[in-house]
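Visitor: Please choose one part of this molecule and look at it closely with me. I am a first-year student, so I would like the reasoning as well as the numbers.

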Amino acid sequence: MVLFCVTGVALLAGIAICRRIVASKLGRVLTAIRDAETRVMFSGYNPLHFKLFAWTLSAVMCGIAGALYVPQVGIINPGEMSPANSIEIAIWTAVGGRGTLIGPVFGAAAVNLGKSWFTQALPEYWLYALGLIFVVVTLFLPRGLAALWPRRGR
(Lines give C-alpha, C1' and ligand atoms only; values in the text may rest on other atoms or scores of the structure.)
Protein backbone atom coordinates (compact mmCIF):
# COMPACT_ATOMS: atom_id res chain seq x y z
CA MET A 1 0.00 0.00 0.00
CA VAL A 2 2.89 2.34 0.80
CA LEU A 3 4.40 1.74 -2.64
CA PHE A 4 1.05 2.51 -4.27
CA CYS A 5 0.79 5.78 -2.33
CA VAL A 6 4.38 6.75 -3.17
CA THR A 7 3.66 6.10 -6.84
CA GLY A 8 0.53 8.24 -6.68
CA VAL A 9 2.43 11.07 -5.00
CA ALA A 10 5.17 10.81 -7.64
CA LEU A 11 2.54 11.01 -10.40
CA LEU A 12 0.87 14.04 -8.84
CA ALA A 13 4.24 15.73 -8.28
CA GLY A 14 5.22 15.10 -11.90
CA ILE A 15 1.95 16.55 -13.17
CA ALA A 16 2.33 19.58 -10.87
CA ILE A 17 5.89 20.23 -12.05
CA CYS A 18 4.89 19.92 -15.69
CA ARG A 19 1.81 22.13 -15.21
CA ARG A 20 3.97 24.81 -13.63
CA ILE A 21 6.46 24.63 -16.50
CA VAL A 22 3.73 24.76 -19.15
CA ALA A 23 2.18 27.85 -17.54
CA SER A 24 5.52 29.70 -17.29
CA LYS A 25 7.65 31.63 -19.75
CA LEU A 26 9.77 28.48 -20.10
CA GLY A 27 6.71 26.59 -21.32
CA ARG A 28 5.94 29.25 -23.90
CA VAL A 29 9.53 29.11 -25.17
CA LEU A 30 9.40 25.30 -25.35
CA THR A 31 6.15 25.51 -27.30
CA ALA A 32 7.70 28.06 -29.65
CA ILE A 33 10.71 25.78 -30.16
CA ARG A 34 8.37 22.91 -30.98
CA ASP A 35 6.42 24.99 -33.47
CA ALA A 36 9.19 27.03 -35.13
CA GLU A 37 12.70 26.49 -33.82
CA THR A 38 14.39 28.80 -36.32
CA ARG A 39 12.12 31.69 -35.31
CA VAL A 40 13.13 31.16 -31.70
CA MET A 41 16.79 31.26 -32.69
CA PHE A 42 16.24 34.51 -34.59
CA SER A 43 14.50 35.92 -31.49
CA GLY A 44 17.73 35.55 -29.55
CA TYR A 45 17.13 32.32 -27.65
CA ASN A 46 19.41 29.32 -27.85
CA PRO A 47 17.05 26.33 -28.29
CA LEU A 48 19.76 23.87 -27.31
CA HIS A 49 19.61 24.85 -23.64
CA PHE A 50 15.82 24.63 -23.50
CA LYS A 51 15.74 21.28 -25.29
CA LEU A 52 18.48 19.95 -23.02
CA PHE A 53 16.45 21.01 -19.96
CA ALA A 54 13.32 19.29 -21.30
CA TRP A 55 15.27 16.13 -22.14
CA THR A 56 16.96 16.05 -18.73
CA LEU A 57 13.68 16.58 -16.86
CA SER A 58 12.12 13.81 -18.94
CA ALA A 59 15.02 11.48 -18.14
CA VAL A 60 14.72 12.19 -14.41
CA MET A 61 10.99 11.53 -14.46
CA CYS A 62 11.52 8.30 -16.43
CA GLY A 63 14.16 7.20 -13.94
CA ILE A 64 11.78 7.76 -11.05
CA ALA A 65 9.03 5.89 -12.90
CA GLY A 66 11.37 2.98 -13.58
CA ALA A 67 12.52 2.90 -9.96
CA LEU A 68 8.87 2.65 -8.87
CA TYR A 69 7.90 0.14 -11.59
CA VAL A 70 10.33 -2.61 -10.66
CA PRO A 71 9.21 -3.08 -7.04
CA GLN A 72 5.57 -3.12 -8.13
CA VAL A 73 5.93 -5.86 -10.74
CA GLY A 74 8.65 -7.72 -8.87
CA ILE A 75 11.00 -8.31 -11.80
CA ILE A 76 12.24 -6.58 -14.91
CA ASN A 77 13.48 -8.34 -18.00
CA PRO A 78 14.63 -7.31 -21.49
CA GLY A 79 11.17 -8.07 -22.86
CA GLU A 80 9.92 -4.94 -21.08
CA MET A 81 12.01 -2.84 -23.47
CA SER A 82 10.26 -4.19 -26.56
CA PRO A 83 8.87 -1.94 -29.28
CA ALA A 84 5.37 -3.24 -28.48
CA ASN A 85 5.53 -1.62 -25.03
CA SER A 86 6.62 1.71 -26.53
CA ILE A 87 3.77 1.52 -29.03
CA GLU A 88 1.33 0.78 -26.20
CA ILE A 89 2.52 3.90 -24.34
CA ALA A 90 1.96 5.97 -27.49
CA ILE A 91 -1.55 4.53 -27.68
CA TRP A 92 -2.16 5.53 -24.03
CA THR A 93 -1.31 9.09 -25.00
CA ALA A 94 -3.49 9.04 -28.13
CA VAL A 95 -6.46 7.57 -26.25
CA GLY A 96 -6.10 9.99 -23.34
CA GLY A 97 -5.37 13.09 -25.34
CA ARG A 98 -2.24 14.45 -26.94
CA GLY A 99 -1.18 17.91 -25.87
CA THR A 100 -2.60 17.58 -22.36
CA LEU A 101 -0.98 16.68 -19.08
CA ILE A 102 -3.74 14.56 -17.57
CA GLY A 103 -4.92 12.93 -20.81
CA PRO A 104 -2.20 10.25 -20.96
CA VAL A 105 -2.98 9.29 -17.35
CA PHE A 106 -6.63 8.71 -18.29
CA GLY A 107 -5.53 6.92 -21.45
CA ALA A 108 -3.22 4.61 -19.51
CA ALA A 109 -5.98 3.80 -17.05
CA ALA A 110 -8.56 3.18 -19.79
CA VAL A 111 -6.29 1.04 -21.97
CA ASN A 112 -4.99 -1.00 -19.03
CA LEU A 113 -8.52 -1.61 -17.72
CA GLY A 114 -9.46 -2.77 -21.20
CA LYS A 115 -6.32 -4.90 -21.38
CA SER A 116 -7.12 -6.56 -18.04
CA TRP A 117 -10.64 -7.41 -19.14
CA PHE A 118 -9.78 -8.36 -22.71
CA THR A 119 -6.82 -10.60 -21.89
CA GLN A 120 -9.07 -12.62 -19.58
CA ALA A 121 -12.01 -12.85 -21.97
CA LEU A 122 -10.30 -13.15 -25.37
CA PRO A 123 -6.50 -13.07 -24.89
CA GLU A 124 -5.63 -13.95 -28.49
CA TYR A 125 -7.48 -10.88 -29.79
CA TRP A 126 -6.05 -8.23 -27.45
CA LEU A 127 -3.57 -6.79 -29.96
CA TYR A 128 -6.30 -6.53 -32.59
CA ALA A 129 -8.52 -4.73 -30.09
CA LEU A 130 -5.66 -2.38 -29.19
CA GLY A 131 -5.10 -1.54 -32.85
CA LEU A 132 -8.84 -0.98 -33.34
CA ILE A 133 -8.95 1.32 -30.30
CA PHE A 134 -6.08 3.35 -31.72
CA VAL A 135 -7.70 3.67 -35.16
CA VAL A 136 -11.13 4.57 -33.75
CA VAL A 137 -9.71 7.18 -31.39
CA THR A 138 -7.53 8.67 -34.13
CA LEU A 139 -10.46 8.93 -36.55
CA PHE A 140 -13.36 9.90 -34.30
CA LEU A 141 -11.76 11.44 -31.20
CA PRO A 142 -8.50 13.04 -32.37
CA ARG A 143 -8.03 14.92 -29.08
CA GLY A 144 -8.63 11.73 -27.09
CA LEU A 145 -10.66 11.32 -23.93
CA ALA A 146 -9.48 14.74 -22.76
CA ALA A 147 -11.77 16.26 -25.41
CA LEU A 148 -14.77 15.01 -23.46
CA TRP A 149 -14.03 17.41 -20.59
CA PRO A 150 -14.32 21.14 -21.16
CA ARG A 151 -11.04 23.02 -20.79
CA ARG A 152 -10.77 25.95 -18.40
CA GLY A 153 -9.24 29.23 -19.41
CA ARG A 154 -10.59 29.50 -22.93
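**Charged pairs and the helix they lead to**

Guide: Arg34 is exposed, because its relative accessible area is 62%, and a residue counts as exposed when that value is over 50%. Please keep in mind throughout that this is a predicted model. Arg34 forms a salt bridge with Asp35, and the closest N and O atoms of that pair are 3.0 Å apart. Asp35 also counts as exposed, at 55% relative accessibility. As a general idea, side chains of opposite charge can pair when their charged atoms come close.

How many salt bridges does the count come to? The count comes to three salt bridges, and another of them joins the side chains of Glu37 and Lys51, with 3.1 Å from N to O. Glu37 belongs to helix α3, residues 37-42, while Lys51 belongs to helix α4, residues 47-73, so this pair ties together parts that are 14 residues apart in sequence. Glu37 is partly exposed, with a relative accessible area of 31%, and Lys51 is partly exposed as well, with 38%.

The pair that brings us to the part I would like to study is Lys115 with Glu88, whose side chains meet in a salt bridge of 3.4 Å, N to O. Lys115 sits in helix α6 and Glu88 in helix α5, 27 residues apart, and the pair therefore links distant parts of the chain. Is Glu88 buried or exposed? Glu88 counts as buried because its relative accessibility is 8%, which is under the 20% limit used for that word, whereas Lys115, at 27%, counts as partly exposed.

Let us now look at α5 itself, which covers residues 83-96, has 14 residues and reaches 20 Å from its first C-alpha to its last, close to the 20 Å expected at 1.5 Å a residue. Just after this helix, Gly97 takes a positive phi of about 135 degrees. Within α5, the residues Glu88, Ile91, Ala94, Val95 and Gly96 are buried. To read such a list it helps to know that an α-helix has 3.6 residues a turn, so residues three or four places apart point the same way. The buried residues of α5 pack against α6, residues 103-121, and α7, residues 126-140.

This packing leads to the largest nonpolar core, which has eight residues: Ile91, Val95, Val111, Phe118, Trp126, Ala129, Leu130 and Val137. The elements that give two or more residues to this core are α5, α6 and α7, and α7 gives the most, with four residues. In soluble globular proteins, nonpolar side chains tend to be buried together.

Helix α7 is also where Val136 is placed, and Val136 is partly exposed, with a relative accessible area of 39%. On the surface, Val136 joins Leu132, Phe134, Val135, Leu139 and Phe140 in a nonpolar patch, with about 610 Å² of accessible area together.

Finally, we can step back to the setting of these parts. The protein has seven helices and zero strands, and its C-alpha trace spans about 55 × 35 × 30 Å along its principal axes. Of its 154 residues, 18% are buried, and the protein exposes about 11,200 Å², with carbon and sulfur atoms supplying 71% of it.

Notes: Residues are numbered from 1 along each chain as its sequence is written. This is a predicted model: local features need pLDDT of at least 70, side-chain atom pairs count only at pLDDT 80 or more; totals for chains, interfaces and linings use all residues. Side-chain values use heavy atoms; hydrogens and water are left out. The expected span of a helix is 1.5 Å times one less than its number of residues. Buried means under 20% relative accessible area, exposed over 50%, partly exposed in between (1.4 Å probe, protein chains only). Contact means heavy atoms within 4.5 Å. A nonpolar core is a set of buried Ala, Val, Leu, Ile, Met, Phe, Trp, Tyr and Cys residues joined through side-chain atoms within 4.5 Å. Patches are made of residues with over 30% relative accessible area and no salt bridge: like charges are joined within 9 Å, nonpolar side chains (Val, Leu, Ile, Met, Phe, Trp, Tyr) within 5 Å. Accessible areas come from the Shrake-Rupley method with a 1.4 Å probe; for residues, only the protein chains shown count as cover. A salt bridge is a side-chain nitrogen of Lys or Arg within 4 Å of a carboxyl oxygen of Asp or Glu.
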